[in-house]
Amino acid sequence: MKLIKIKIVNFGQFSNFTFDLGNENLSVFFGANEAGKSTVVAFIKQILFGFHLDKRKSDFFEDYKPLARVSPMGGSLFFIADNGQQFELERLYASGKGSKLGTLTVKCDGQIVPESIFFDQIKNIDGDFYASSFIFNQDMLAKVIDISQTDLLERIYYLGAANSDQLIDLRDKFAKEADKLFKSRGSVPPVNKLLKKMQEQKTNLAAVEDEFTDYQALETAAIKQKNSQENSETELRKLQAELNQIEQLRKQLPNYQKLQALKQQVKKVKFDPEQYQIAQRLDMQQQSLQKTIAELKKQLTQLTDVAEDTAAAKLIQKKPELLQWQAEYRACVQKAKQIEQAKQQLLALSPDLAKIAEFNQAAIVKLQQDYEELTPKEPVAQKSSTNQGWLLAGGVLAIIGVILLATGSKIIGGLLLVSGIIGAGWGIKEQKQQQQKQVALRAKQAKIKQKQSAFSQKYGLNPENLDLANLLNQWRQYQLQKQNEQANQEQLGSLQEQVDQLAQELSMALHQNVATDFASVITAIDSLAEQKAQEQRQEEKRATLENNLTEDTRQLQQLQLKLKAILAEAGVKTLADYAQLQINKQHQETIKTQITALTANLQEDLPELEQFLHNELKVQEKETALQKEITAAQERNHVLQGQIAENNVQMANLASSTAVFTAKQELANTQTLFRNQSAEYLADLLASKWIGRALDLASNERFPKMLADAKEYLRLLTNNRYNNIKIDKKMSVTRADGKSVKVKYLSRGTQEQLYFALKLAFVQQVKDQIKLPILIDDSFVNFDDQRTGQIEQLLKQIAQTTQVLIFTAQNKLVEQLQLQPLTFTKGTENV
């Protein structure tokens with residue numbers, strides 16, 4: 001891609017400014033300091049990769065907001081591709097709208113196309129990659145001392161293999177793991193330790209095998225000594241066994257003598273254990289019956305005679321009758337309550353009944369006569385409304401008649417007037433007769449009231465509202481309840497007299513005072529019945545005891561006869577003699593048991609014991625000889641044991657077959673671990689080398705080519721003073737005399753020449769993948785005239801294949817390049 005036009009809308013100090021670059025590969029932008037050269041460099045980068053508005057990290061200053069505070073910020077870049085396609089990249093940003101990277105619009109031959117159409121042609125690199133690879137300025141030149149082979153390889157691999165950063169990490173991981181396992185001059189890694197350990201174990205195995213030869217010779221001698229010791233010990237055990245046999249016979253001699261004595265004590269005893277057990281059982285039964293008989297006799301003497309009492313029996317038989325009396329008495333009591341309730345109900349229903357309740361029949365008859373003498377009550381005459389009607393009608397007719405006469409209706413008026421007068425006169429007459437009747441009636445009523453008052457004072461009853469028939473009916477019911485109450489009381493008295501009589505008879509029978517209430521009398525009958533029941537039980541007990549006594553006496557006689565027969569058959573007189581016979585039998589059994597046990601214990605030794613008892617002197621001589629032989633054998637055995645112990649000490653200090661086996665096993669284990677660790681080391685190392693080689697192949701082995709170009713460029717820039725570059729973790733250069741110099745010891749100018757050589761070589765190696773303009777921003781301020789001339793030659797060489805844009809304030813450089821510069825002056829209307 002060749003940049004052919006720069007169009008700035010608003011960016012930093014520029015507004016509406018355009019640069020036409022034409023079709024040249026080498027262009028120079030000339031202007032004084034602060035004229036905007038670095039601004040244009042930043043503009044090119046930010047239009048390509050986004051504005052720097054969100055404080056992202058950068059290797060140089062990139063904050064170029066429009067100084068005029070106008071909107072939008074941005075502009076366009078115009079490129080022409082190798083195939084002739086023209087691209088326009090327009091990026092704009094308005095405050096508060098869209099991403100802070102700006103809105104990018106890509107056009108191809110005037111048509112808007114996706115961004116990928118352009119960026120796929122430059123391998124989709126980002127701004128950091130472009131800045132570190134294609135932009136040269138004072139800030140970035142100072143970083144030459146930090147450049148490492150890894151940084152350069154990673155950028156090259158980025159173009160040749162997908163996910164190259166992950167592959168590089170994986171390669172470094174395998175290399176690091178291999179380095180942990182083995183180092184050529186190390187001693188700490190596991191493989192180094194195992195190599196050393198194997199050498200030590202091989203040396204130890206050789207020494208152990210030498211000792212094992214001596215060990216085998218001693219082992220052969222030890223076997224012979226052990227055989228001699230075993231023979232000596234066998235002889236010693238044999239002698240000891242003979243001596244032990246004699247000592248055992250001596251120990252068994254008392255048992256043998258005891259056996260002979262026990263045999264002399266053996267006697268025959270006639271004893272039948274079954275008959276003895278029967279005799280014991282009969283004796284126990286006899287003793288038990290004797291105790292039972294004595295107890296029965298004692299109980300009989302304690303029982304008293306009981307006389308027959310028929311009167312008490314009759315009293316006990318009266319209990320059902322008494323219970324009947326009690327039920328009748330309770331019924332009478334309940335009836336008395338009911339009568340009393342009925343009387344109270346009658347009195348409550350008719351309050352006047354209480355005033356005549358105690359009257360007899362004569363008093364009631366007199367009450368009826370006095371009530372009948374009272375004049376029946378007549379109704380009071382009411383004022384006739386008819387009379388008043390006549391008066392009113394007559395008055396009205398008279399008035400109407402007068403009115404009609406006045407109006408001229410004389411006939412009708414006169415008739416009405418006469419009718420009114422006749423009606424009024426009739427009304428007045430009737431009214432006078434009614435008044436006379438009222439006077440006579442009031443006199444008669446006053447006389448009746450006097451009789452009623454006298455009746456009320458005599459009987460306490462109000463005759464005006466008295467219902468005599470109903471009152472007399474209630475009086476008759478009340479009198480009937482009184483009669484029932486009297487009869488009930490008479491029955492209660494009769495029942496109580498019977499209970500009193502029965503209580504008196506019970507008091508005499510029990511010889512104690514009995515209360516006359518039903519509960520006490522019933523309790524007394526129960527006590528009397530219990531007393532008679534006890535007497536009955538006592539008589540029954542007496543009969544039972546007498547029967548048992550007779551039966552037990554008969555059984556005792558039979559037992560005595562049986563026991564005498566058994567004792568006679570055994571030849572003894574008493575059971576005590578029979579018990580002694582049992583003891584004698586048991587003693588003989590004990591002797592037999594002892595004889596059997598001693599015989600079983602001495603069975604094998606009986607013949608020798610018999611000889612020992614008769615030839616004791618010869619046995620003692622033989623025992624003495626055996627002891628001497630045992631002592632000699634023990635001494636020989638002791639000497640052999642000392643020799644064996646000494647031999648064992650010597651063998652213990654030498655390596656045995658176990659030690660040899662252990663040494664070989666340890667060496668084999670170490671060799672196995674070494675093989676495993678070595679295989680792991682080689683696997684990690686080969687994996688690292690394979691991935692590195694794969695990356696080299698994927699990147700078309702650009703790094704060696706880049707390094708060769710960089711060496712050539714450095715030689716050209718330094719006039720052959722430095723002709724080689726070494727890049728590893730630290731970078732160094734080699735002088736023409738062969739001496740290696742670290743970068744930090746180079747002058748600032750030489751360091752910058754080295755940086756130029758490396759970056760230009762890198763750009764040359766990636767130009768087939770990424771073809772973008774190189775931007776050089778005042779990077780030659782530390783170059784003297786000679787070095788400036790040398791860089792001029794190199795740039796012209798690079799510009800043959802790659803576009804180079806130089807931004808400078810140096811007149812001399814412009815003159816040397818012999819190019820028409822693109823100039824802009826600080827303070828113009830657009831700057």
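**Exercise 1. Describe how strands β1 and β2 are connected, and find the partners of β1.**

Step 1. Strands β1 and β2 form a hairpin with two residues between them, and Gly 12 in the turn has a positive phi of about 60°. Strands (E, at least two residues) and helices (H or I, at least four residues) are DSSP runs, numbered from the N terminus. The model is predicted: local features need pLDDT of at least 70, side-chain atom pairs count only at pLDDT 80 or more, and totals for chains, interfaces and linings use all residues. Residues are numbered from 1 along each chain as its sequence is written, and side-chain values use heavy atoms, with hydrogens and water left out.

Step 2. Two strands pair if DSSP finds at least two bridges between them. Between β1 (residues 2-11) and β2 (residues 14-20) there are six bridges, in the antiparallel sense. Lys 7 stands opposite Thr 18 in β2.

Step 3. Strand β1 is also joined to β4 (residues 73-80), by seven bridges, and these two strands run antiparallel. Here Lys 5 faces Phe 78 of β4.

**Exercise 2. Which residues of helix α3 are buried?**

Step 1. Take the limits: buried means under 20% relative accessible area, exposed over 50%, and partly exposed in between (1.4 Å probe, protein chains only).

Step 2. Apply them to α3, residues 127-134: seven of its eight residues are buried, and the helix is mostly covered. The buried residues are Gly 127, Phe 129, Tyr 130, Ala 131, Ser 132, Ser 133 and Phe 134.

**Exercise 3. Count the salt bridges, then place three of them in the chain.**

Step 1. A salt bridge is a side-chain nitrogen of Lys or Arg within 4 Å of a carboxyl oxygen of Asp or Glu. The count comes to 15 salt bridges.

Step 2. Glu 505 and Lys 318 form one of them, at 3.8 Å from N to O. Glu 505 lies in helix α15 (residues 468-510) and Lys 318 in the loop between α9 (310-317) and α10 (319-349), so the pair ties together parts that are 187 residues apart in sequence. Glu 505 is partly exposed at 25% relative accessible area, and Lys 318 is partly exposed at 32%.

Step 3. Lys 458 and Asp 370 meet in a salt bridge of 2.9 Å, N to O. This pair links distant parts of the chain, with Lys 458 in helix α14 (residues 410-459) and Asp 370 in helix α12 (residues 361-372), 88 residues apart. Asp 370 is buried, because its relative accessible area is 11%.

Step 4. Glu 712 and Arg 715 form a salt bridge whose closest N and O atoms are 2.3 Å apart. Both residues lie in helix α21 (residues 702-717), three residues apart, about one turn of the helix. An α-helix has 3.6 residues a turn, so residues three or four places apart point the same way. Glu 712 is partly exposed at 40% relative accessibility, as is Arg 715 with 30%.

**Exercise 4. Which residues form the negative surface patch, and which form the nonpolar one?**

Step 1. Patches are made of residues with over 30% relative accessible area and no salt bridge; like charges are joined within 9 Å and nonpolar side chains (Val, Leu, Ile, Met, Phe, Trp, Tyr) within 5 Å. Lys and Arg count as positive and Asp and Glu as negative, while His and the chain ends are not counted. A charge is placed at NZ of Lys, CZ of Arg, CG of Asp or CD of Glu.

Step 2. Glu 209, Asp 210, Glu 211 and Asp 214 form the negative patch. Asp 214 belongs to helix α7 (residues 190-264) and is partly exposed, with a relative accessible area of 45%.

Step 3. The nonpolar patch consists of Leu 392, Val 396 and Ile 400, with about 260 Å² of accessible area together. Accessible areas come from the Shrake-Rupley method with a 1.4 Å probe; for residues, only the protein chains shown count as cover. Leu 392 is in helix α13 (residues 385-407) and is exposed at 60% relative accessible area.
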